[in-house]
Amino acid sequence: MYLKFWGTRGSIPAPGSDTVEFGGNTSCVEIVSEQGRRLVIDAGTGIRALGDELVQSGRPVRLTLLLTHTHWDHILGMAFFRPVYLDNTDITIDGCPKAFWGLAKVFDDRKGNGYFPVAFDELKANIRHSERIANGPLQVGDLTVEGIEINHPQGGMGFKVMEHNRCLVFLTDNELRSDALVGRRPQDFAHFARGCDLLIHDAQYLPEEIADRRGWGHSTYVEAVELALQAGTRRLLLFHHDPARTDHQMREIEAKARELVKANGADLDVAAAREGEVIYV
């Protein structure tokens, strides 16, 4: 699988000279299978640049968009995704069942909400809504996708994407805490990610910040590392960077996460996700 990060930031876009290395756009990850089938996870502001690249290719756009949840940093970019304005675009939207309706509300609903000048039903693309993944595995060509409920306010979903014997797990906006509901505890996510090649996990906060932010639906880099170690994953990428975090501070977090892995005597490759980074799984 080919994977590219188009947006790695959380909560709100954070452009500027201090976020050049790790990126300022919000959540958007592109996955392309060996057969060329395309999955996109989340429609944060990073999806705008992805759309520009797809249109510039000159080929019709065919993709499946998986939405983790409806919070604005994960859907805001859809209105600026150029393929939705072209009639040779075909998009299937799946993931969190409520997310499609939240995405549609980014556009005008013809009730004068004033969010955006274009109505959803004016888009030229063929856009279909599916709730397959909430009821079992989703098959997209040679890719198999499984979902799991995440621990986040108003709910959401994480995803496991498998191709042949390769596997990646995407869990953003997921608060790791032992007193969560059954099915959303650290051990449940460890089971879901067991033995995967790549785990991408929310690590928005520092350990000293989390006490004041419990219940907000995010984790620390320490909790993300502990989950990866428990799951026996080969690689961990920290995701959903805090909008106030500079590149220098992100490098410090990377270093501390690696020190934690070393202290546990583990063989885990850990880094913070960088916008524009390409990975082959």
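Me: What makes helix 5 a neighbour of strand 12 and strand 13, and how does helix 5 run against strand 13?

Reply: In this predicted model, helix 5, residues 247-263, lies across strand 12 (235-239) and strand 13, and helix 5 runs at about 165 degrees to strand 13. Contact here requires heavy atoms within 4.5 Å.

Me: Why are strand 7 and strand 13 said to stand at the edges of the sheet?

Reply: Seven strands form an open sheet in the order 7-8-9-10-11-12-13, with mixed pairing. Strand 7 (138-140) and strand 13 (269-272) each have a single partner strand, so one side of each is left without a neighbour in the sheet. Neighbouring strands of this sheet are turned by 20 degrees against each other on average, with direction ignored.

Me: How do you know that strand 10 and strand 11 pair, and in which sense?

Reply: Pairing calls for at least two bridges between two strands, and strand 10 (residues 166-171) shares four bridges with strand 11 (residues 198-202), in the parallel sense, so the two count as paired. Leu-171 stands opposite His-201 in strand 11.

Me: Why is Thr-89 called buried?

Reply: Thr-89, which is found in strand 5 (residues 89-95), has a relative accessibility of 1%; because buried means under 20%, Thr-89 counts as buried.

Me: What makes the approach of Thr-89 to Pro-83 a polar contact?

Reply: A polar atom of the Thr-89 side chain lies 2.7 Å from the backbone oxygen of Pro-83, and the cut-off for such a pair is within 3.5 Å. Leaving aside residues up to four places away in sequence, Thr-89 touches Val-61, Arg-62, Pro-83, Ala-125 and Asn-126.

Note on methods. Residues are numbered from 1 along each chain as its sequence is written. This is a predicted model: local features need pLDDT of at least 70, side-chain atom pairs count only at pLDDT 80 or more; totals for chains, interfaces and linings use all residues. Side-chain values use heavy atoms; hydrogens and water are left out. Buried means under 20% relative accessible area, exposed over 50%, partly exposed in between (1.4 Å probe, protein chains only). A polar contact is a pair of N or O atoms within 3.5 Å; within protein, one must be able to donate a hydrogen and the other to accept it, and residues adjacent in sequence count only if both atoms are side-chain atoms. Axes are lines fitted to C-alpha atoms, for helices over the stretch in contact, and angles run from 0 to 180 degrees between N-to-C directions.
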